[in-house]
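Q: Please take me through one part of this structure slowly, starting from a single pair of residues in a sheet. I am new to this, so explain the terms as you go.

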Number of protein chains: 2
Amino acid sequence: VAKIIILGSGVMGTSLTVPATDNGHEVLLVGTPLDLDIIAELNRPGGVHVKLDETCSDRVKPISFEMLRTEHFSEADMVVVGVSSPGIHWAVEILNQMMAEPRPVAFVTKGLDPAATGLATYAETLPPRIPMMSAFVGIGGPCIARELANRQPTASIYACRDIGVAEHFVDMMGTDYYRLSVTTDDTGVEACAALKNFFAIGVSAMQTHYPDRKRAHGQSKNPTAAAFTQASLEMARLCERLGGAAATAFGLAGIGDLHVTVGGGRNSRLGHGLGTGRSVSDVLSKELAGETVEGVDTARALATMLHSGGGAAVRDGDYFPLASAIMDAVLVEEPFRFDFASLAVR
Amino acid sequence: VAKIIILGSGVMGTSLTVPATDNGHEVLLVGTPLDLDIIAELNRPGGVHVKLDETCSDRVKPISFEMLRTEHFSEADMVVVGVSSPGIHWAVEILNQMMAEPRPVAFVTKGLDPAATGLATYAETLPPRIPMMSAFVGIGGPCIARELANRQPTASIYACRDIGVAEHFVDMMGTDYYRLSVTTDDTGVEACAALKNFFAIGVSAMQTHYPDRKRAHGQSKNPTAAAFTQASLEMARLCERLGGAAATAFGLAGIGDLHVTVGGGRNSRLGHGLGTGRSVSDVLSKELAGETVEGVDTARALATMLHSGGGAAVRDGDYFPLASAIMDAVLVEEPFRFDFASLAVR
């Protein structure tokens, strides 16, 4: 029996308690300053997670961050950070305040660090900021949190430059329904985790842009399939530019997560709006008002990098026509327009 | 202006007349013995293709196979065979009877030749059978025929060992909406064209096997995304075993065509039935009665090969757990059962 600390009691952090406790481990589930209601409710008898609509195993101990002590970390075998990008600063502070001995830390936080100089993934930016983190582990792959909490099967990938550490996490967290593989390509997994949100916008736009009057579902399917393939190819190229391996993009962290992200969620909803000719700001100010759409942040980050470096290749549309179309829609107040003619013949 | 002969006036062959004539070329559209009604109707003023529900350009000349003459081939720049697997013998006979001078021939026919000794693609088996074929070209990628006929955009790939021949076809056939790339990996494109039907059965089964009560759509999405990724990986491995390149499976002929095939069609409908616990024979005897389900033939062909050679690796489920599950459902009268636990942890 291991002791696992999960920082962040949102839907993803809390869902990860399910395979961990099914394996018999004890989990300290730590609420962020935004999670006060969740923790209070989970600590009532029969309490239900307000967003996930599930109870927790009695091997989960939900506590608020104010109750965290150094001893919790000293007693823990491993740490998982389950917050999204806006919470990463908070998580780093907690780790640096509380972690007195070296511990490996796994992150579900997606991808590109907006605070980085230039464009870099959390695999590069977090280790120098967290001295007591003995190893950085990135988690990728298709994983809708609520489905994991319901023990619906999926497959994910744990990445660490020290493959033994990744394997240790997999031994602790893997179950019959949460199938885990490992890789040393932490940079690639993190890059894909961010890029898949970005490309999901463009692929999802294809799902509403080409109506098919003769079909019940009402939409053509060739354009989406072609755009999905193009997204995979461009994701692989960008993954390499960011220091990862192209093969990672063709695995669970890339096409697997892209597939599930196109299937639903905020990036996909933005894409559906764009596909009907609306602008990014229109969709973001209406049905997505107040929501974090991570693919939009990635678009801005990519545009910054690609304008100041390898930008020419992107901006002329030669190599990244789909990425360029998405960046144009986000950066300029224009409708999204992906012209299939921009795909090179030959 | 080129002259193009298209053998087979079914939905695929006829759809290919649209980009060809949009480019100004003249097409001789040749009906098979099964296409008599189609050709008769197309030759009436304002005649509509009975399956496609579209008229043809006046640059298309529809004729029945009985009207074909050697001169037609001598005057033609290129030949496209647009029949499905059951029609391939007929097409080979016509080519051998009528083609008196060397001509390149492109095939939309999907993949594995059931007549081959051992398992081989049409890229291997057709050239020796057609002495006057100067080059074999395989066509792959996501392409629902009716959408192509409606000029909805898609991307496809033309494969020929002589890349110049592939480029020539692409110059003739490519348009703003029919985006074409080329490869020398004809074996890989043909292998993927068959394998994607096969794997679509298994991926589609995931779409009905894991209900999600809390979602409007009613189905979990992680299992489908994980199975899609696993299918891509196994398709790449099998593509290599058949003599193709793994990279081909991660392109238009592989994941692109798999994506659109999972989205609809007979293989997908079989998978949806299997996902609800029904047997292959039950689905094939009811809603798919009398239909050719090409993925089933591929399952039988693969099982034959894999039992007599690399079979061990498949049969123990180590490397091809999804392929094994599909083959078991087809070969044994059992419900389809893909156990995610068969995916290796680590």
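A: Let's start with A:Gly31, whose bridge partner in S3(A) is A:Ser64. The model is predicted, so local features need pLDDT of at least 70 and side-chain atom pairs count only at pLDDT 80 or more, while totals for chains, interfaces and linings use all residues. Residues are numbered from 1 along each chain as its sequence is written, chains are lettered from A and ligands numbered from 1 in the order in which they are written, and side-chain values use heavy atoms, leaving out hydrogens and water.

Strand S2 of chain A (residues 26-31) and S3(A) run parallel and are joined by 5 bridges. Strands (E, at least two residues) and helices (H or I, at least four) are DSSP runs, numbered from the N terminus, and two strands pair if DSSP finds at least two bridges between them.

Now step back to the whole sheet. In chain A, 8 strands make an open sheet with mixed pairing, in the order S3-S2-S1-S4-S5-S6-S7-S8. Strand S3 (60-64) and S8 of chain A stand at the edges with a single partner strand each, so each has one side left without a neighbour in the sheet. From one strand to the next, the twist averages 25°. Helix H8 (residues 186-209) of chain A packs on this sheet, where it touches strand S5 (103-107), strand S6 (133-140), S7 and S8 of chain A, and its direction makes about 45° with that of S6(A). For such angles, axes are lines fitted to C-alpha atoms (for helices over the stretch in contact), and values run from 0 to 180 degrees between N-to-C directions.

Chain B has a sheet to look at too. Its 8 strands form an open sheet in the order S3-S2-S1-S4-S5-S6-S7-S8, with mixed pairing. Strand S3 (60-64) and strand S8 (178-183) of chain B are at the edges. Here S2 (residues 26-31) of chain B runs parallel to S3(B), with 5 bridges between them, and B:Val30 stands opposite B:Ile63 in S3(B). Helix H6 (residues 122-129) of chain B lies across strand S5 (103-107) and strand S6 (133-140) of chain B, at about 155° to S6(B). Helix H12 (residues 252-262) of chain B lies across S6, strand S7 (154-159) and S8 of chain B, at about 145° to S7(B).

How do the two chains meet? In contact (heavy atoms within 4.5 Å) are 51 residues of chain A and 51 residues of chain B. Together the chains bury about 4,500 Å², 55% of it on carbon and sulfur atoms; buried area is the accessible area (1.4 Å probe) that two parts lose on being put together, summed over both. The interface has 2 salt bridges, where a salt bridge is a side-chain nitrogen of Lys or Arg within 4 Å of a carboxyl oxygen of Asp or Glu. B:Arg146 and A:Asp212 meet in a salt bridge through their side chains (3.3 Å, N to O). Among the elements that give two or more residues to chain A's side of the interface are strand S7 (154-159), strand S8 (178-183) and helix H9 (222-241) of chain A. H9(A) gives the most to that side, with 8 residues.
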